[in-house]
Amino acid sequence: MSEDSTKMLIESAYEASKNAYCKYSGYHVGAALLCGDGTVFTGCNIENSSYGATNCAERTAFFKAVSEGQRSFEAIAIIGYLEGNKPESYAFPCGICRQVMAEFCTGDFKIIVAKSVSDFRVFSLGELLPESFGAENMI
Ligand code: THU
């Protein structure tokens, strides 16, 4: 992936984080998902007074993309920060989001965790969710 597309994804994730509905945690998360055809779907976290009904930013982006017919994915950028603050740590995807990624992506899918366009780290899904459970286990 080029440096330009990495930066574009991080900027899109940051823009999406501004729409976070996070009235309970005050923690904004934004994600930008790059599809195989070059389309980008963004997502933010959407909280709920029944906390377990909260949807993470990454899953929002994936569910938007899958519901629009996308099935091939290259990379996702994620950024998170407490309301009124700058991103102070890398926001890694939670376990449920990693499992959702594994449903649609291979181990080389790229996960970019960013504090800014110039401060980010890139991991593969295989690194963040090794030995995962998938459809191939159910044969
Ligand atoms: N959150 C995400 O959006 N993505 C993650 O991978 C981890 C957590 C959100 C959920 C909740 O709205 C807030 O961050 C605090 O947990």
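Ile112 in β4 pairs with Val122, its bridge partner in β5. That pairing is one piece of a longer contact: 6 bridges join β4 (residues 110-116) to β5 (residues 119-124). These two strands run antiparallel. They form a hairpin, with 2 residues between them. The model is predicted.

**The strands around β3**

On from the hairpin, β4 also pairs with β3. Here 5 bridges join the strands, and the direction is parallel. Ile78 of β3 has Val113 as its bridge partner in β4. The chain leaves β3, passes through helix α3 (residues 95-104) and arrives at β4. This β-α-β crossover is right-handed. A further pairing sets Ile79 opposite Ala114 in β4.

Strand β3 has another neighbour, β1. The two run antiparallel and are joined by 9 bridges. In this pairing, Cys35 stands opposite Phe73 of β3. Strand β3 spans residues 73-82 and is mostly covered, with 8 of its 10 residues buried. In a regular strand, side chains alternate between the two faces of the sheet.

The strand pairings compare as follows.

| Strand pair | Bridges and direction |
|---|---|
| β1 and β3 | 9 bridges, antiparallel |
| β3 and β4 | 5 bridges, parallel |
| β4 and β5 | 6 bridges, antiparallel |

**The ligand site**

Which residues stand around the ligand? They are Ser25, Tyr27, Val29, Asn45, Glu47, Thr54, Cys56, Ala57, Glu58, Phe92, Pro93 and Cys94. By type, this shell divides into 7 nonpolar, 3 polar and 2 charged residues. Two elements, β1 (27-35) and α2 (57-67), each supply at least two residues of the shell.

Oxygen atoms of the ligand have polar partners in the protein. A polar side-chain atom of Glu47 lies 2.5 Å from a ligand oxygen. For Asn45, an N or O atom of the side chain is 2.9 Å from an oxygen atom of the ligand. Cys94 takes part through its backbone: one of its backbone N or O atoms lies 2.9 Å from a ligand oxygen. On its own, the ligand has 370 Å² of accessible area, and the protein covers 76% of that.

**Asn55, in the loop before α2**

Asn55 lies in the loop between β2 (40-44) and α2. Is Asn55 buried or exposed? Its relative accessible area is 18%. The cut-off for buried is under 20%, so Asn55 counts as buried. The side chain of Asn55 makes a polar contact with the side chain of Thr60, at 3.0 Å. Asn55 and Cys44 are 11 residues apart along the chain, and their C-alpha atoms are separated by 8.4 Å.

**Glu131, after α4**

Glu131 lies in the segment after α4 (125-128). Its phi is near 50°. That is a positive value in a residue other than glycine. The relative accessible area of Glu131 is 81%. Exposed means over 50%, so Glu131 is exposed. Asn55, by contrast, is buried at 18%.

How values were computed: Residues are numbered from 1 along each chain as its sequence is written. This is a predicted model: local features need pLDDT of at least 70, side-chain atom pairs count only at pLDDT 80 or more; totals for chains, interfaces and linings use all residues. Side-chain values use heavy atoms; hydrogens and water are left out. A residue is near a molecule or strand if one of its heavy atoms lies within 4 Å of it. A polar contact is a pair of N or O atoms within 3.5 Å; within protein, one must be able to donate a hydrogen and the other to accept it, and residues adjacent in sequence count only if both atoms are side-chain atoms. Accessible areas come from the Shrake-Rupley method with a 1.4 Å probe; for residues, only the protein chains shown count as cover. Helices (H or I, at least four residues) and strands (E, at least two) are DSSP runs, numbered from the N terminus. Ala, Val, Leu, Ile, Met, Phe, Trp, Tyr, Cys and Pro count as nonpolar, Asp, Glu, Lys and Arg as charged, and the others, Gly among them, as polar. Buried means under 20% relative accessible area, exposed over 50%, partly exposed in between (1.4 Å probe, protein chains only). Two strands pair if DSSP finds at least two bridges between them. A crossover is right-handed if, with the strands pointing away from the viewer, the path from the first strand over the helix to the second runs clockwise.
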